[in-house]
Amino acid sequence: FHIDLLGATGLRNAQFLANIEVLYKYSRQLKMVMWNDTERIQVIHGKWQIPAQLHDVISLFPLLRSLKNIKSEGLQFPLQDIEHFEFGKTPSGLSNQIISLPAWIECDTMLAILERKSVIPLHH
């Protein structure tokens, strides 16, 4: 099943974080994507082909634990040479640009925020 969540980023940070928690909780059973005007937000597992266009920006955040054995392609700053990718530690996964297509990432569990420079179509 695929569920698009519109308006779930809300106006309150606490509600936004609670909705990220919901994405994580159901991410292995459902494909859930939160949308706002310029971003697609979802929890990813395994190999994920990024539904991006050239020069889109993706931010990646490890959830709950340090990640190892990350692989990626098509990103300005490749992730595969990182020994431990951990929330709050350097390097940060913030604002990595898509430089070639297809772009993909392979990891255990990560929060992905894809920012488009153009309007995001609802279905990919």
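A residue is called buried under 20% relative accessible area, exposed over 50%, and partly exposed in between (1.4 Å probe, protein chains only). The structure is a predicted model, in which local features need pLDDT of at least 70 and side-chain atom pairs count only at pLDDT 80 or more, while totals for chains, interfaces and linings use all residues. Residues are numbered from 1 along each chain as its sequence is written, and side-chain values use heavy atoms, with hydrogens and water left out.

**Exercise 1. Determine whether Thr9 is buried or exposed, and list its contacts.**

Step 1. Locate the residue: Thr9 is in the loop between β1 and α1. Helices (H or I, at least four residues) and strands (E, at least two) are DSSP runs, numbered from the N terminus.

Step 2. Apply the cut-off. Thr9 counts as buried because its relative accessibility is 18%.

Step 3. List the contacts, where contact means heavy atoms within 4.5 Å. Leaving aside neighbours within four places in sequence, Thr9 is in contact with Phe16, Met34, Asn36 and Ile41.

**Exercise 2. Describe which residues of α1 are buried and where they lie on the helix.**

Step 1. Consider the length. α1 has 14 residues and reaches 20 Å from its first C-alpha to its last, close to the 20 Å expected at 1.5 Å a residue. The expected span is 1.5 Å times one less than the number of residues.

Step 2. Identify the buried residues of α1, which are Asn19, Ile20 and Leu23. Seen down the axis of α1, these buried residues fall within an arc of 105 degrees, so they line one face of the helix. The arc is that of the directions from the helix axis to the C-beta atoms.

Step 3. Recall the general rule: an α-helix has 3.6 residues a turn, so residues three or four places apart point the same way.

Step 4. Examine the surroundings. The buried residues of α1 pack against β1 (2-6), β2, β3 and β7, whereas Leu17, Glu21 and Lys25, on the other side of α1, are exposed.

**Exercise 3. Find how many salt bridges there are, and state which parts of the chain they join.**

Step 1. State the rule: a salt bridge is a side-chain nitrogen of Lys or Arg within 4 Å of a carboxyl oxygen of Asp or Glu. By this rule there are two salt bridges.

Step 2. Take the pair Arg28 and Asp108, whose closest N and O atoms are 3.7 Å apart. Arg28 lies in the loop between α1 (13-26) and β2 (31-35) and Asp108 in strand β7 (residues 104-115), so the pair ties together parts that are 80 residues apart in sequence. Arg28 is exposed, at 59% relative accessible area, and Asp108 is partly exposed, at 32%.

Step 3. Take the pair Arg116 and Asp56, whose side chains meet in a salt bridge of 2.7 Å, N to O. This pair links distant parts of the chain, 60 residues apart: Arg116 is in the segment after β7, and Asp56 is in the loop between β3 and β4 (57-62). Arg116 is buried, with a relative accessible area of 4%, and Asp56 is buried as well, with 2%.

Step 4. Add a further partner of Arg116: a polar atom of its side chain lies 2.7 Å from the backbone oxygen of Pro51.

**Exercise 4. Describe the largest nonpolar core and name the strand that gives the most to this core.**

Step 1. Define the term. A nonpolar core is a set of buried Ala, Val, Leu, Ile, Met, Phe, Trp, Tyr and Cys residues joined through side-chain atoms within 4.5 Å.

Step 2. Inspect the members. The largest nonpolar core has 18 residues, of which Ile50, Ile58, Leu60, Ile70, Ile105 and Met110 touch the most other members.

Step 3. Assign the elements. β3, β4 and β7 each give two or more residues to this core, and β7 gives the most, with five residues.

Step 4. Separate the other core. Apart from the largest core lies another, of ten residues, among them Leu23, Met34, Val43 and Leu63.

**Exercise 5. Identify the cis peptide bond and the positive phi values of Asn69 and Ser95.**

Step 1. Recall that most residues other than glycine have a negative phi, and most peptide bonds are trans.

Step 2. Examine the peptide bond from Leu101 to Pro102, which is cis, with omega near 0 degrees. Pro102 lies in the loop between β6 (96-97) and β7.

Step 3. Examine phi. Asn69, which is not a glycine, has a positive phi near 55 degrees; Asn69 is in the loop between β4 and β5 (71-73) and is exposed, at 70%. Ser95 has a positive phi of about 55 degrees although it is not a glycine; Ser95 is in the loop between β5 and β6 and is partly exposed, at 42%.

Methods:
A polar contact is a pair of N or O atoms within 3.5 Å; within protein, one must be able to donate a hydrogen and the other to accept it, and residues adjacent in sequence count only if both atoms are side-chain atoms.
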